[in-house]
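Here are a few exercises to work through with the model open in your viewer. Try each task before you read its solution.

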Amino acid sequence: MYATTAKGTRVKKSHAFLLSIFPSSNPPSPSLPLLSDALWLASILNEPKKGDEGTEEWGNLAKFTRGLAGFDNEKEILPLDTLCTVLPTSMIAAANLLDDVSKFERSLKKLNTDRVYKQRKFNLQREASEGFSKVVCLLTNLTSRNVCNAIKKIKALIGFFELDPHRVLSLSLDAMMVESVPENVPSYVKLISDCFDKDAVRHLLGFKLFPSSSSSSSPPPRPGPRLLRVVATCLKHGLVTWDGIRGYMEVDLGELAKESKRRVEEKAREIKKLGVVSLNATNATPTSDKAASPSPSNQPSPVPLRLLILPSLLSVNCYTIFKEQMAYLDKWGIDAVFLVPEIKTALTALVDSVVEPAYAALSPPRFTSSPPAESAPCPQCDDGLSLKADGTAAGTLRAVVNPMEIAARGGPTEGTEIVLSKIIRIAKELPSSPLTYTLWSCLSLLPFPLRYTLYDSWMGPSRERSGISGPALLGRGLSHGTCKPLPLSSAEVKAGLQCRALTKRLSKDNVKSMSRGLGKAAGGHPGVFAEVVLGACESYGNLIPLVVKALKFLTPFALDVLAYSLGKLLRAPGRDKLKADGINSSGWMRGLEIFTGEFFERYPYVEIRPVVNYVLGELKEGRTSSLGVVKELLKKMGGVDTVGGGEGGARMQGRAGGDVLRRETSAFGVVVVSADVAKRKLLETLAGGEGVAVGTAMVLLANGIKDAAGYGEGAKGQRGGLKYVGNVVDEVADVVEGLLEFMSQDPAYHTLLPGPKDMIEGYGAGYESAMAAWRPVVKRAREKEEEREMIKLQEEDGKGKRNEETLEETLEEYLPLSDEMMEAYGMMLPKETFESITPLVFGLFWSWEIADLHVPGELYRGEGERIKREIKKLESSLSMGNRSGEEAKEAKTKVVSMKKTLVALREEEETGRKRMRRVRRIIEEKKEDFFGALSPGTVANGKESAFLTTCLIPRVLMSPEDAWYSARFLFLMHSQEVPHFGSLNAYHLIIQAFPAVLEAATEREARGVGVFMKEVLGTTRTWMRDPVKYEEEAGGKRGFRISQESGKRTTHEAYCAVAGRWGRWVLDAALKGLKNKEYMRIRSTLIVLTAVADVWPDEKEAGDKIVEGVKRLEGEERADLEAMSKSYLAVIGRKNLEWGGGGVGAEGSSGKSKGKKGGAQGMEASNGKDSSRVSSSMVNNNKVSNSRVSKKAESEAGTRETALKD
């Protein structure tokens, strides 16, 4: 255009160029308006002033314009009407487009005046009122069926009555505002879009939002929710755009962001101060009251319209615009949800509208609930979330039951996720109400991992004040994703204050009355309640029984949340579960262990598998910090007390009897009697699992940790050193023993275990652990066999009835001498080992227990006499009438129970004696095959050494009870005169291996060694002191022959010489242990010395040395060693031993012998060459005997000790 005006020669060229762009004006090109606008702009820029002729450019532009109109033989590009409408009159005159320009100018002025200044008249009389009345009738009856006809009629009414269209539009918006049927709203949208201009809709809505009657000094009134809903509907359907309506809702976002952060800060500080007592307060006004009455300067400003429209957008499902606006506000740091709480309610309703259709397909109609006749006001919960006013929350919960049952039976369904989202949303809305029971009826159908996932998303990572983020307190707003809603935090703080107040006042006297208050406090916020209660139990152990008792009014849902919180605390990272010594559980962990046992014993129906899985997970990681939980569960739920290998006296004697004697001698008759329900629950849990039973997996994993620790690998979380590793070995042994004792009560126990071969080869268990696990099965098989024999005898006598069930469950394959078990024995050891020991003696030794070899008759009689005295005392009290009604009734019940116990003790003793006679008969029948099947060329002492390393020493180290059994079994083999077995050589090898065993023993193992050595030393020292008894019990036995082939006996003098050497070995080992600097070796030595104090030392020289060595520990810095040394000295002092005098074959040269020569010389003089042979075989064959001991016992112990030192 500028090029054309600059040089007139280019006018025709420009015209030709435009013709190439716009070849035809019909149809007109979309770019023609641009050309006309450009022509108008050029005319304005070059227009001459009045009176001037115009420049050359002006003339060229006029020629160019005339050519565009089709004059001067040019083709028309722009219509003449368009040019006359767009161009100024000066250009029209210059281009000579019209004949009479002045007339055109006058007509244009008149038209503009009429359009702008002339008032349009409408009929406001009777006809207008009639027209509006008809319009209102049409609008109030508008539906989707008659909307098209209504549009035509409204248009006709506007034209016929000359109605104001803007007023009709206002009536249409008002009608849509009051419409109660949502399905009719689209009809109004269609009416407005077809009849009215969208620009008019925008302005009219702006006028309604901000009426002109409001003064500028006061803020405009808050629009009603119906009007906001109309605006949101128009936005959703495109009647107005957000940019178009934004001008009426404009607000300073910077100031709004400051206001949002200020309110968040005030609320956060208010929550932080809840329950805080200020000692500097000047008045008694509570903090919450102060916060409730803010100063005038801090009065909250009215919420801007831009935020008020957001809930309405959600109410009409206009989520797209809502999401865009929320994202925009978040960029400014404005928390719209906090400023406008209605957004939460609208979001909940939106979730309902999305979930309900899919959920309704899963829920059968018979579970739906009809709304009540009268709508109740919407109840507000403490956390700011509200239930539906029509009561459909309860109906929804009930409707969940059936689909979830289907999902539980047939696996996950397509709608499971929808139902779960429904459950978790309603769980957030629940106050303390009966709905929790309905909710639990739904959640209980879910597996606990999924249920606990819901709890995680519900309660979040933190609660109460810790849920408030730092930025909120510093006035920086809420951190979404890391900060809970402040109303929810406020409700949690209040619930926590209530729970703490009740817990602090809990005592033995008011536990019944406080239980109801705790139940109510836990109803609305069970997560907070669990955190408070478990925290109290961590700090105060004496509070645990009261707390557990006070939980009886909690709902099943709250108890499940408590178990969930307990599992989270047990798994909590970053907390040291052990004390500084690295051995004992820390205070908080010990409190949770005790609470776990008490809680699940009293409430066994609560899910216990998460705790059991926690224990399995810890064991898989090689950590033993969870074993305390297992001990408490076994003690409280199973009634099995893992005594830690420290039992002695009557208690250990009682373990040689039956269940009745064990109960009477356990903890002075006060035993843990668990409920049958709790015991069954724990048995079911340990018997469950895929593949290997859970309890079996615990045993296998724990044994793996013990084996790793025994060879110096240690356990995760444990320090190094013999003390710490020994603690791991002992603790694992306690738990494994308790688990096996409890699991063996299951009638199907044999089905829970892998076979012995699988345990050894597949799971890496030692044969000691495998036989310990299978020993209860072997015992039950023997009991079944005895029962079958008894039934057969009774049938023969005609006194008994045939019990088909007993006859079917024979368990014959698990009898000690069955082919299956003999095959299992044969694969437990290398083939080379069975060149020195037979599977028969190996299997029998590992299949029996102390109750098979010994019956504590004196203990049975003592307990019987004690019970008789108690019965006599109670009967005397009852006859004298010294007891009231309740007390008398209780005493009579106790008398009946004690009489039954007395009868049971007698029957049990008789059964034990029968079993013992049966075992002795088996040994008598099979003793020829114990070692008779071995090769004649077996190395000297090889049989005894193999028996020592594969049977005696491993079982001695398992437990004191097993150590006692081992000593009894050895003496029984000696007394039964098992062929080809030298019991004298066996005792010699035992004493010879004692130093190595003692040096590497843990505390539990040392107790077993002490029990075993007490039996061995008590027997051997008695034979040494009493020749008559030696001749009766030892000298005449086959095992004390100098040679099995020659049949020559070992004289008492020769035996005394050897026994004297044994005494020196024991003395040297004890003194070496007392002088050792290692804590565990000193402690193990003291344990063994205390155990054998009744039988050794029995001579002055040895006793003085031992006392001198122990006295050096009296000033020991380690208090426990000092206490043990004083205790040992007290035991020695109470014995009042007369050292020396009458001892035959005393240590060294102090003793006197009855023969011509003492010690070894007397042995040689009396026995000649044969005695030399015996002496030389015991002295010179040390290498032979040590070959077995060092390979299996001393070598492993030395390797283990070296590894532990490293």
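**Exercise 1. A residue in its setting**

Find which residues Ala-536 contacts once its neighbours within four places in sequence are left aside, and decide whether Ala-536 is buried or exposed.

Solution. Keep in mind that this is a predicted model.
- Step 1: with neighbours within four places in sequence set aside, Ala-536 is in contact with Thr-503 and Leu-543.
- Step 2: place the residue, and you will see that Ala-536 belongs to helix α28.
- Step 3: the relative accessible area of Ala-536 is 12%, so Ala-536 is buried; the cut-off for buried is under 20%.
- Step 4: look along the chain to Arg-500, which is 36 residues apart from Ala-536, and you will find 8.7 Å between the two C-alpha atoms.

**Exercise 2. Two partners of one helix**

Describe how α28 is oriented towards α30 and towards α31.

Solution. Take the two pairs in turn.
- Step 1: the axes of α28 and α30 lie 9 Å apart, and the packing angle is about 55 degrees.
- Step 2: α28 and α30 are therefore oblique to each other, and α28 passes α30 in a right-handed crossing.
- Step 3: on the α28 side this contact uses Pro-526, Gly-527, Ala-530, Leu-534 and Glu-538, while α30 brings Phe-557, Ala-558, Val-561, Leu-562, Ser-565, Leu-566 and Leu-569. Sorted by class, the contact of α28 with α30 has nine nonpolar, two polar and one charged residues.
- Step 4: now turn to helix α28 (residues 526-539) and helix α31 (residues 587-602), whose axes come within 7 Å and cross at roughly 115 degrees. α28 and α31 are therefore roughly perpendicular to each other, with a right-handed crossing.
- Step 5: Leu-534, Cys-537 and Glu-538 of α28 meet Gly-587, Trp-588, Gly-591, Leu-592 and Phe-595 of α31. The classes in the contact of α28 with α31 are five nonpolar, two polar and one charged.

**Exercise 3. What covers a helix**

Work out which elements cover the buried residues of α31.

Solution.
- Step 1: check the length; α31 has 16 residues and reaches 23 Å from first to last C-alpha, close to the expected 22 Å.
- Step 2: pick out the buried residues of α31, among them Trp-588, Met-589, Leu-592, Phe-595, Phe-599 and Phe-600.
- Step 3: their cover includes α28, α29 (544-550), α30 (556-570), α32 (609-620), α33 (627-636) and α36 (676-687).

**Exercise 4. A helix pair further along**

At what angle do α49 and α51 pack, and how many residues of α49 are buried?

Solution.
- Step 1: helix α49 (residues 960-975) and helix α51 (residues 1003-1025) pack at about 30 degrees, with axes 6 Å apart. That makes α49 roughly parallel to α51.
- Step 2: the crossing of α49 past α51 is right-handed. Residues of α49 in this contact include Trp-964, Arg-968 and Phe-971, and those of α51 include Phe-1012, Glu-1015 and Trp-1023. The contact of α49 with α51 divides into eight nonpolar, four polar and three charged residues.
- Step 3: α49 is mostly covered, with 13 of its 16 residues buried.
- Step 4: just after α49, look for Glu-977, which takes a positive phi of about 55 degrees.

Technical notes. Residues are numbered from 1 along each chain as its sequence is written. This is a predicted model: local features need pLDDT of at least 70, side-chain atom pairs count only at pLDDT 80 or more; totals for chains, interfaces and linings use all residues. Side-chain values use heavy atoms; hydrogens and water are left out. Axes are lines fitted to C-alpha atoms, for helices over the stretch in contact, and angles run from 0 to 180 degrees between N-to-C directions. Helices (H or I, at least four residues) and strands (E, at least two) are DSSP runs, numbered from the N terminus. Angles under 35 degrees count as roughly parallel, over 145 as roughly antiparallel, 65 to 115 as roughly perpendicular and the rest as oblique. A crossing is left-handed if the near helix is turned anticlockwise from the far one by less than a right angle, and right-handed if clockwise. Contact means heavy atoms within 4.5 Å. Ala, Val, Leu, Ile, Met, Phe, Trp, Tyr, Cys and Pro count as nonpolar, Asp, Glu, Lys and Arg as charged, and the others, Gly among them, as polar. Buried means under 20% relative accessible area, exposed over 50%, partly exposed in between (1.4 Å probe, protein chains only). The expected span of a helix is 1.5 Å times one less than its number of residues.
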